[in-house]
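Let's take a walk through this one together. Have the viewer open and follow along as we go.

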Amino acid sequence: MARPLTLLLVRHGQSEWNAAGRMQGQVAHVPLTPLGHTQAQAAAAELARLRPGVLLSSDLLRAVQTAEHCARATGLPFTTTPALREQGYGVLEGRPSRELWEVVDWSDAHWSAEGGESLAELHARVAAYLTQLCGEPPADVVALVTHGDTIRAAQAVAAGLGPDAMPAVTPHNGTVTRLEICE
């Protein structure tokens, strides 16, 4: 029986678009706000206490800036991967989030905006990445700096749930969520 792999999922700090209420998705250039940097520092301090052996991050700027705080706090270098990106929202990216309640079919895991990614596709991407981590764990405790929907997908995968049963609650910016996988 394989030893469980502990994942420490860090949600990036508040970004400028979080603060403005704009849909981010996979827009690469959105930086953290001053509050976001404070949240990232707090998450990094918590992460350092949990002593991960490896630090991996989404390649989107808000996650990279958060990972930089985590690297300083833990003394670990980090590498980036597009596998940890947020769900892609295609043509909806940059629009005010409040407008999306009338546009998005939140009840259909296979729905996606033009040029975007469905929850089912996000779930499959995250499941494939976690399967890869389980196959060749780089450490017993791995920190992943990522995004809200990506964390929800990882929680579903770890619980053996499909994309239609992802948790409804998104972790707050600058928080650390612990998961055990590969059991």
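How many salt bridges does the structure hold? There are five of them, and three make good stops on the tour. Keep in mind throughout that this is a predicted model.

Start with Arg125 and Glu117, whose side chains meet with an N to O separation of 2.8 Å. Both partners are buried, so this salt bridge pairs residues that each fall under the 20% cut-off for relative accessible area.

Next, go to helix H5, which spans residues 148-158. Here the side chains of Asp149 and Arg152 form a salt bridge at 3.3 Å, N to O. The two sit three residues apart in H5, or about one turn of the helix. Are they buried or exposed? Asp149 has a relative accessible area of 10%, so it counts as buried, and Arg152 is buried too, at 11%.

For a contrast, look at Glu180 and Arg178, another salt bridge with an N to O distance of 3.3 Å. Arg178 is exposed because its relative accessible area is 52%, while Glu180, at 30%, comes out as partly exposed.

Stay with Asp149 for a moment, since it also turns up in the largest pocket. That pocket holds about 800 Å³ of space. Its lining takes in 40 residues, and those closest to the centre are Met23, Tyr89, Trp106, Asp149 and Thr170. So Asp149 has two roles in this picture: it is a salt-bridge partner of Arg152 and one of the residues closest to the pocket centre.

Which helices supply at least two residues each to that lining? They are H1 (16-20) and H5, with H5 giving the most, three residues. By residue type, the lining divides into 16 nonpolar, 14 polar and 10 charged.

From the pocket, move to the nonpolar packing. The largest nonpolar core has 25 residues, and Leu7, Leu56, Tyr129, Leu130, Leu133, Val142 and Leu144 have the most contacts inside it. Several elements chip in at least two residues each: strands E1 (5-11), E2 (54-58), E4 (141-146) and E5, along with helices H4 and H5. H4 provides the largest share, six residues. Notice that H5 shows up here as well, having already contributed to the lining of the largest pocket.

H4 also leads us to the last stop, the cysteines. How many disulfides does a search of the whole structure find? It finds one, between Cys134 and Cys182, with the sulfur atoms 1.7 Å apart. The link joins distant parts of the chain: Cys134 belongs to helix H4 (residues 119-135), Cys182 belongs to the segment after strand E5 (176-181), and 48 residues separate them. Why is this disulfide called left-handed? The torsion about its S-S bond is about -90°, and that makes it left-handed.

Finally, compare the surroundings of two cysteines. Cys134 counts as partly exposed because its relative accessibility is 27%. Cys70, on the other hand, has a relative accessible area of 0%, so it is buried.

Technical notes
Residues numbered from 1 in each chain as written. Predicted model: local features only at pLDDT ≥ 70, side-chain atom pairs only at ≥ 80, totals over all residues. Heavy atoms only, no water. Disulfide = S-S within 2.5 Å. Helix = DSSP H or I, 4+ residues; strand = E, 2+ residues; numbered from the N terminus. Buried < 20%, exposed > 50% of the residue type's maximum accessible area, 1.4 Å probe, protein only. 1 Å grid on protein atoms, 1.4 Å probe; cavity = no way out; pocket = protein on both sides within 12 Å on 5 of 7 lines; lining within 4 Å. Points joined across faces, edges and corners; volume = space filled by probe spheres on them. Nonpolar A, V, L, I, M, F, W, Y, C, P; charged D, E, K, R; others polar. Salt bridge = Lys/Arg side-chain N within 4 Å of Asp/Glu carboxyl O. Core = buried A, V, L, I, M, F, W, Y, C linked by side-chain atoms within 4.5 Å.
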